Structures are given as structure tokens and as C-alpha cells.
Amino acid sequence: MPQGRSPILELNDITKAFGGVEALRGVDFALYAGEIHGLVGENGAGKSTLMKIIAGVHPEFSGRFAIDGRETRFRSARDAHAAGVAMVHQELSVAPDLSVAENVFLGAQPTNRFGLVQWRRMAREAGEQLARFGIDVDPMTRLGDLPIGLQQLIEIARVLFSGARIIILDEPTSALSPPEVERLFATLRQLRDEGTGIVFISHFIEDILRISDTVTVFRNGRKVHETDAAATSKAALIEAMIGKGREALEETYAHDIRLPTRGDRPVVLKADALSLARSVQDVSFEVRAGEVLGIYGFMGCGQLELARVLFGKIKPDSGTVVIDGDPKAFSSTAAARRAGVAFVPESRRAMLFHQEPVYKNISISVLDRISALLLKPSRERSIAVRQVDQLQIRPAAVELDLGMLSGGNQQKVALAKWLSYPPRVLVLCEPTRGMDVGAKNDVINIVRELSAKGLAIIVLSTEPETVLSLSDRIIVMKRGAVVREFAGEVVSKDRLLEAA
Amino acid sequence: MATSEGVTATVHRGGQRSAAAILRSQMRNIAPFLTLICLSGFFAIASPSFATLDNLGNILTQVSVTGIIAVGLTFVILCAEIDLSIAAIANVTGIAVAYFTLQESYVNIANVPLPGWAAILLSLALCALLGLVNALGLTVIGIPSFIMTLAMMQIAAGISALLVRGQIAYKVPDLVTTLGSGSIGGIPWIVIVAAVMLLAGHLVLTYTRFGRYVYMVGGNREAAEYSGLNVKLILGSVMVISAVCSGIAGMLGVAHFGSAQQNEFDTYLLDSIAAVVVGGTSLFGGRGGIGNTIVGLFVLGVLNNGLDHVNIDSFLKILIRGLILLAALVINVYAQRLRARAAE
């Protein structure tokens, strides 16, 4: 921490609530010129909320906010921009149909005195800036034609070279390859040495430790720890993030993996060296009947793409999916369904028909089994009623439009549609995301029951609790590749975080 | 115990909300019907010759060709796609069936006379093939249906032009002549064909698995795919259905008009789209159906026919038609929003 200087950005006692839920509680935060400040914390700990306050995205909050010692308030992201604050958001926000140069100068294209864009100058300067960042692309290429990682680098480059004095990077490295991360770090150090204040948020604690001067840890909307990066370790940071001692954690998530006793069960699904562009790299695994395989990784680690490959939504570049010993090349999701693969995506909206009654939502995946040509509505309703009963979907009215149900009950409907004729493999993406505790437990129980019936289940999640509470065996993905497998051993949340 | 009370309360609230909510969610079906009643009432008062049995027969005959095309188009629009090649495919199929029929000696067309059944089958094969090209362009190559069918419109028009080379043909197979211009017991066959096809379309959409898939793909294409439906197969099928319906309309239309020539179906493109949309089938897919299309056909038929019965500047009629179409589109879009809000 640079001593004896006044911070360029200082926040005191910041509190922010969303509809009665406090996302930040009395947080102090200071950023100095020429400092890289790392932020860590679990999902929902309040890091992103605080950064959005600084970037003017959330204008409503209580507490003191000062830039260069002068108290101020940003009413919008524009205000923040004018004051020299720029942020790279977690979600990619680029214009894929515009050229690289246009993206670099988005909203600030150089114009001549007639207001016309100076294309040649723009292309030249964009090329120079990107070259400085070690990116060698033709500035007039359509951005969408470039790989995702490169797009992300270009978005970062835009912010880094916007001339801002305060730069916030929210999870910038998730889609980057190791050499790209190196280039980013070199540029960040250079900017720091030129006097820019940088906030760096990441789930990758090694990255935080390597690049930061100072590290702050958030937990449940509070700042719980602040330290020199040189004076701490990965284990200490994880402990601060989770908030309990290591032993207590192993108690909570002690998990006797039952895989060895199931070694005699037949392998139902085998992924053999699956690769997909930059998102999935040479991933292989097996799932046996009655086994729950958890796949854990941070956002952008490639698990969602992997799930879509398993369900035939995306064709892999190489590798095969083998089901019951038969190699499959799914031509459509319909082919995957017929082969016995069931899939629940991370977004309920992408899975359900909100304007249709519950029973049609449940029967859609089994219609071809109960009717050849003509529909059998009474059969559909009885199937739906049985599922609504078994999964305790409330209200228990199958004629109700799905949109009238609560989120947790909608998630149960998304499961129910696959269960009237049980599949061979169930692929679940983020099965408990955004659920209250009760609904979460219901889903966990349903998954347990299904696996007891002999279903092979794959659970993919960015939430360690979800994976830990459901899985018999866990593999960890990082930047598209499998980096660790936990089988037949004691595993805990901090070990999982450490591996990812 | 507490849970079951909570459930009853929820259901009860759902029941109370439903009176207003149902009205709002049914706006799409109610509005076109009201429009039809108002228009009919207006013309009945404005002209003594409008509300007669004879004139009802006229209206039915006038909307028959549009009706046959609209059956297939309803499938397409329910899937949130569009088919701009319907009129051109109708035209080329009508011309093809004449091309394969022996013409009078004064008709100067180098045609290929075949037996009637062969001419009909070949023409049906032609429209099905053109529909298949639409389907492949949309699903395999991934060309948006708007663009794909725009190209097909031109291709079909091109085939028409090559077949007739600016000439006019008159003869079509006897079966087509009967169905297109004959009548039985005073009822024109073309009205019967249109009614049968509309009924068949309704039955397929309402009672078959394929019909359900059409609604589901239109309602949420992503969810349909994640439910393991073969979305491309369904989209491809509706494009072929649309082309075949258009082809049948084209053959009967040629018999109905008494001649086969270039550009004779051009007005049917907008009329068919208008009939489907005015009837309340959502342009965003998933809502509506043949029932709506029938109401839409009547709105259009009553409007076109009624304007001829009242004393209005004939050039003004075009404008009036346009304004009524605009009103229907506004209702269509608003009904979608109300429905979406009711669902939340």
C-alpha cells in the first residue's frame, strides 16, 4: 500500500440494498494512483456491486464517495466516464458486426471538421494501440470473426487505452489463454507505472496474487480482509473468502466418494477427447449408471459448451460421445434425446414455454412415445399430474400457464419433462441457481432419488456447494480443460476452489 | 397444513385475476371478431345489396383462393417464419398444370400435353420441390425465410415466364376445371375445397403431434430445441406445406380465372399474409391458428366486397384497405404485449 499519499478514489461506509436485500454493508475502499488492487470473494459477495457503484452503473447508495479527495456522486456511467473511470464488465460487450478499429474507438471515433469518421486514422491508431498490447490483427477485420478470447482482449484494450485514470476489470481473464494473460499483465503493470489506479476482480486467485499490490476480500456484502499481496497466500485468501476454518469445512462437505463401489456398474456415457474451438479442450470422462458426476469450474471455463456438445446442440470439432458403448454423432438435439440424453440448461427461459400450460411443458419431450400421429391430451395430463405430484410442484394445477409458477417450481417442471420416460443420462446445468433454500433442497433430493434409480447424472455448476452437495465424483474444468478429478477422497469447498 | 392453505390461496388469487387476465390474453381472438362484426354491420346498413345470401356466396368464392394459400401460410407464421413466395409458387403451379395440358391450336405455347392425372401430379411435385428448396435454404444453409422466399419468389416467377413466354394458356385438366370453376348443388367446388383444406389444417394443428410441435417451435424455438425436438425438420415441413397449399390454390385459381398467365396471382401475396395476421395469428409465432385465419379471411372478404357495394371513390378503397391492415397489425403487436404481461 503506497503510504503517505492520498487515494485517488475513496469510499467510506458504503451501503447498497436491492429490494430490501443488502448487497453491501458499510464498506470502506480506497484506491491509490499507481496501484493494482485485487478483489476476491464468492459469487454474490458484493465485489461487482461495489465496482458498479464506482463506475456509475448504480447511482443509488448511501455513504461517502470521493475522487481526488473531493466528494462526488456519479448519476450515470457517462458521469463516471467523464471523471476518468472506465470498467470492463464481466459479460462481453462488443459490437461483433463492426470492425476491430470501430470497436476500439466505440463512441469516440476520430472525426474531421465535417463530422465524418477518419477511417484511415482510426485504423492506424487502433492498429498501434493493439500492437502495443501485443495483438496483431488487421484493424478492419470484422470483430465477430475473431476468437472469443481475442474479442475480450480487444474490449480490454479499448478500456485500457481510453485514457481513464481509474480502470476496473471484472473477471477479465476467464476466456484468455495463458500467453494472453501474460500480455494483459504486462500492459497492466505498464499502466500502473504510468500512474493509473487499477481494480482487478478475479476468481483465479493465482492471478490476483501475481498482479496485485493490495488484495481485498469480500464476504456477504462486507469487506473482511485487506492485505499486501506479498504478505498473503492462496490458502489464506480462500479461508477469508469462505469464513470458516479448514477443519470445519471438511466437516460440512466431508464426502465419501462411492465411485469404487460402483466400478462394476456399466458405463453409460463416455466423453472421448472432446474439443470445441477455444472453449473445450480434449475433455474425456465416464459416467456410470447410478452415479452423479459433478463438473465444477468458474464462469467461462467451457462447461456450458461441453454440456451442449453432450446434448447435440453444438457439434464438437473433434472427439466423440459414446453412449452404452455406441459412438454417437448427434445430428440434432432430437437425436440426442432419442439416444437417451436429457438436458436442462442453466436458464429456465431457454427451456420452458411460458405461455403454455404446465402439462404441455411436461409432455413435450415424450409426445413421440405416447402418440404416433394424434395427440392424447388425457394421457398427457395424467403424465403431468403424476410428475407434479412426485416433484411436489405447486400450485398443483397442470392447466395453469407455466409463467404463473414461481422460479423454483419452473425449475422442477424443467426436470419433470424428462422424467416421465426416464432417460439414460441427465445433464443438468446450474440446477439450483437462484433458488431459495427450500427449492434447492427439493432439487437435491430429486437428483438423489433419480441416481438411486440408476440414472447416470452429470451436474455442471459454477457454485461449489451445488457440486459438492450432489456429486459422487467431481471433475474440475479450467479454461476448457479438465485439470483435476476428485474421486474416492475427501473433498471440500476450499480444495475445489484451489483446484479451479 | 400451512402449505396446503398457501396453495389454495395462490389458486384462488389465480381465479380472481383470470376475469380481466383472460380478456386481455384473448384480445388477439376477440379483436378480429369484433372487427368482422362491425364491418359487416356497417356494410349491411350502408348497402341493401350487401347482406344477402347471394352476396355471402360471392364473398365465399372471392376468398377461396386466398383461403387455400392461407392454410399453409398459417403454419409458417405460427413458426415465426414468413413465406413471400406463396403467390409466385401458386402462379407457377397453375401455369405448369396448363403447360402439361393439350391447349387449343390457337394458343401459341410449346407445351407438353400429358394425361390429366400426370399433369396434376407433376405440378404438385413442382410446388413441393420449390417448397423443399425453401426448406433447405432456411434450415440447412440458414438463410432467413424472409430472404430465402424472396429469392424463391423470383425463381418461381422466372420458371413461369419461361413456360408461358408472355402467352396465355386456357386449358387445364378436367378435374382442375371442375374443382376450380364448377359447382355442386349451387355451391362452388372451390369453396368446398377451401373449406376442406381449412378444416384439415385446423385438425392437423389442433389434434396431431406435428401441430403441437409447430406451436411449440413458434412459442420458444430455443426451448423446443432443448426439449429435443427436431426444430429444423419442423421448420422445413411447414415450408413444404405452405408451398403445396399455394400450388393447389394456383391450379384451382387458374381454372377459376379461366386462364394461366404471368403475374396473375400477385395480389394474393399481401392478401394471404393480411388474412393470417388480421385474424390474430401472432407474427412472433406460437399463437393463433386456422380459426383466426378464417376470421381474417372474412374480414378481408367483407371489406373488399363491401367497399364495392357502397359508393366510395374506388381509389380511396386502396387506402382504406391499407389503414385497416395497419390497425390489425397494431392490435397484433399489442395483443402480444398484453399476453406477455398477463403471463408475468
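**Contacts between the chains and between the domains of chain A**

Between chain B and chain A, 15 residue pairs are in polar contact, with both partners at pLDDT 80 or more. This count, like everything that follows, comes from a predicted model. On the chain B side, the elements that supply two or more residues to the surface touching chain A are α1 (2-25), α8 (189-207), α9 (209-219), α10 (221-226) and α14 (314-343) of chain B. Sorted by class, this side of chain B holds twelve nonpolar, nine polar and eight charged residues.

Charged side chains also pair up directly across the two chains: three salt bridges are counted between chain B and chain A. One to look for on the screen joins the side chains of B:R287 and A:E356, at 3.6 Å from N to O.

The extent of the interface can be given in residues or in area. In residues, 29 from chain B are in contact with 38 from chain A. In area, chain B and chain A bury about 2,800 Å² between them, and carbon and sulfur atoms account for 55% of it. Within chain B, the residues that lose the most area to chain A are B:R209, B:R212 and B:Y226, which together make up 29% of what that side buries.

A second interface lies inside chain A, which is divided into domain 1 (9-245) and domain 2 (253-499). Taken over C-alpha atoms, the centres of these two domains of chain A are 34 Å apart. Here 21 residues of domain 1 are in contact with twelve residues of domain 2. The area buried between the two domains of chain A is about 1,400 Å², with 55% of it from carbon and sulfur atoms. On the domain 1 side, A:H203, A:F204 and A:I238 lose the most area to domain 2, together 30% of what that side buries.

Polar pairing between the domains of chain A comes to one residue pair in polar contact, both at pLDDT 80 or more, and two salt bridges. In a salt bridge worth a look, the side chains of A:K478 and A:E206 meet at 3.8 Å, N to O. The domain 1 surface that touches domain 2 draws at least two residues from each of α6 (178-193), α7 (205-211) and α8 (234-242) of chain A. Of the elements on that surface, α8(A) gives the most, with five residues. By class, the domain 1 side divides into nine nonpolar, seven polar and five charged residues.

Notes: Residues are numbered from 1 along each chain as its sequence is written. Chains are lettered from A and ligands numbered from 1 in the order in which they are written. This is a predicted model: local features need pLDDT of at least 70, side-chain atom pairs count only at pLDDT 80 or more; totals for chains, interfaces and linings use all residues. Side-chain values use heavy atoms; hydrogens and water are left out. Domain bounds come from an automatic or database domain assignment. Contact means heavy atoms within 4.5 Å. Buried area is the accessible area (1.4 Å probe) that two parts lose on being put together, summed over both. A salt bridge is a side-chain nitrogen of Lys or Arg within 4 Å of a carboxyl oxygen of Asp or Glu. A polar contact is a pair of N or O atoms within 3.5 Å; within protein, one must be able to donate a hydrogen and the other to accept it, and residues adjacent in sequence count only if both atoms are side-chain atoms. Helices (H or I, at least four residues) and strands (E, at least two) are DSSP runs, numbered from the N terminus. Ala, Val, Leu, Ile, Met, Phe, Trp, Tyr, Cys and Pro count as nonpolar, Asp, Glu, Lys and Arg as charged, and the others, Gly among them, as polar.
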